[in-house]
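Biologist: Please take a close look at one part for me, the ligand sites. Keep it brisk, and spell out the distances and the burial.

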Amino acid sequence: MNSIIQQFNNSNKILVATHAHPDGDAIGSLIALGLSLEALNKKITLYCESPIPAVYRFLPEVHRVVKKIGGLNYDMAVILDCGDLSRVGEAVSFVKQIPVIVNIDHHITNTRFGHLQLIDTSACATAEIVYRLIKQMGLPFNKPVATSIYTGILADTGSFRFSNTNKAAFAICQEMMEIGVDPHNIARHVYGTYSLSRIKLLNLALDSIELSKNGKLSIMTLTKEMFDETHTQPEDVDGLINYAKRIEDVEVAALIQEHHNGKEKSRTPNRFHVSLRSDGAVDVAAIASLFGGGGHSSAAGFSIESTLSNIKSRIFSLADKIQLKT
Ligand code: 5GP
Ligand code: MN
């Protein structure tokens with residue numbers, strides 16, 4: 001941690017980036033660290049290639065997150081909440097040219113990319129690690145930073161319900177509340193309202209659920225047509241997979257999401273993102289790794305180019321092999 005802080009002190013232009021299709025932890029960590037480094041008078045760019053999901057647009061300074069980078073000669077890049085560098089998206093080749101890359105993450109499958117790493121797989125969220133880093137730098141937590149840290153932890157622990165919920169989650173959130181964070185207000189934004197479009201997408205998503213023969217695996221499917229019909233975007237998908245996971249006896253839930261890449265025919269190979277969830281009893285990070293992806297033991301994912309029917313049959317074929325962790 002100290003070599004990272006030293007590197008901050010020696011740098012002036014710093015790129016702070018997180019993964020495409022961001023969640024609350026990605027954006028919360030990005031803003032908390034970005035604002036803290038700015039307090040050290042550094043020139044900061046906050047980067048995420050995808051749109052910010054509507055439920056996180058209340059976060060302080062969120063409008064400063066840019067979708068394009070280039071030009072500036074950065075002294076260093078800090079990559080947050082990414083198990084591997086390619087998770088930042090199209091900017092990966094630009095980022096690779098930055099002289100110092102710092103990898104701050106909590107994914108079990110982290111590839112340890114970059115020149116300096118701060119990886120703690122026992123952290124409930126990247127926001128927990130960012131909190132510790134800001135503490136170690138001796139910087140104060142003002143309300144915008146505290147709001148971002150709190151939101152990151154709230155989102156990644158599923159409101160203190162998921163198996164990654166640890167003592168630090170409660171301790172840090174209590175401390176952030178003492179600084180002025182309003183839990184009710186944050187929950188109102190993150191869980192309070194859905195657009196009508198998103199409700200319509202939820203309807204199609206629920207209708208798409210299929211179960212494996214042994215009932216242990218569920219698949220929810222979202223096609224391009226469903227997004228078009230409901231006027232929704234990939235960022236509206238956040239959280240829908242939990243419905244597939246909640247079904248009685250289901251150990252593993254998969255959500256197959258077709259990417260908007262312009263190809264029309266459903267029989268031609270297309271790009272899909274597959275999200276996997278378990279209740280902690282099955283290691284889905286290990287399953288995602290088989291397909292070139294990664295994540296946590298209870299939440300993981302991968303991208304794949306194939307046909308929908310092929311992906312479904314490959315996922316269903318896993319159902320008989322589902323093994324509970326001992
Ligand atoms: P989601 O299903 O929400 O996209 O992702 C669940 C978890 O798996 C997240 O922690 C995310 O970072 C990780 N994940 C999702 N897709 C990929 C992927 O393609 N590669 C890797 N390494 N991790 C992924
Ligand atoms: Mn995270």
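Modeller: What follows goes through the metal site, then ligand 1, then a surface patch for contrast. Bear in mind that this is a predicted model.

Start with the metal. Ligand 2 is a manganese ion, and its protein donors are Asp25, Asp81, His106 and Asp156. The three aspartates donate through OD atoms, while His106 uses NE2. Donor distances run from 2.2 to 2.4 Å. Water is not among the atoms, so the site may look incomplete. Along the chain the donors follow the pattern D-x55-D-x24-H-x49-D. Take Asp81 and His106 from that pattern. Asp81 sits in the loop between β4 (76-80) and α3 (92-96). His106 sits in the loop between β5 (100-105) and β6 (116-119). The pair therefore ties together parts that are 25 residues apart in sequence.

Buried or exposed: which word fits Asp81, and which fits His106? The cut-off for buried is under 20% relative accessible area. Asp81 has a relative accessible area of 1%, so this donor is buried. His106 comes out at 2%, so this donor is buried as well.

Now ligand 1. Its surroundings comprise 15 residues. The closest are Arg87, His107, His273, Ser275 and Arg277. Three side chains give polar distances to check. For Ser275, an N or O atom of the side chain is 2.6 Å from an oxygen atom of ligand 1. For Asp84, a polar side-chain atom is 3.3 Å from a nitrogen atom of ligand 1. For His296, a polar side-chain atom is 3.5 Å from an oxygen atom of ligand 1. How much of ligand 1 does the protein cover? On its own, ligand 1 has 490 Å² of accessible area, and the protein covers 83% of that. Strands β10 (270-278), β11 (294-295) and β12 (299-306) each give two or more residues to the shell around ligand 1. The largest share comes from β12, with 5 residues.

Last, the surface. Tyr194, Leu196, Ile199, Leu206 and Tyr243 make up a nonpolar patch there. Together they have about 440 Å² of accessible area. Helix α8 (residues 196-207) supplies the largest share of the patch, 3 residues. Tyr243 belongs to helix α10 (residues 241-245). Its relative accessible area is 32%, so Tyr243 is partly exposed. Set that beside the metal donors: Asp81 is buried, and His106 is buried.

Key
Residues are numbered from 1 along each chain as its sequence is written. Chains are lettered from A and ligands numbered from 1 in the order in which they are written. This is a predicted model: local features need pLDDT of at least 70, side-chain atom pairs count only at pLDDT 80 or more; totals for chains, interfaces and linings use all residues. Side-chain values use heavy atoms; hydrogens and water are left out. Donors are N, O and S atoms within 2.8 Å of the metal (3.2 Å for Na, K and Ca); water is not among the atoms, so sites may look incomplete. Helices (H or I, at least four residues) and strands (E, at least two) are DSSP runs, numbered from the N terminus. Buried means under 20% relative accessible area, exposed over 50%, partly exposed in between (1.4 Å probe, protein chains only). Patches are made of residues with over 30% relative accessible area and no salt bridge: like charges are joined within 9 Å, nonpolar side chains (Val, Leu, Ile, Met, Phe, Trp, Tyr) within 5 Å. Accessible areas come from the Shrake-Rupley method with a 1.4 Å probe; for residues, only the protein chains shown count as cover. A salt bridge is a side-chain nitrogen of Lys or Arg within 4 Å of a carboxyl oxygen of Asp or Glu. A residue is near a molecule or strand if one of its heavy atoms lies within 4 Å of it. A polar contact is a pair of N or O atoms within 3.5 Å; within protein, one must be able to donate a hydrogen and the other to accept it, and residues adjacent in sequence count only if both atoms are side-chain atoms.
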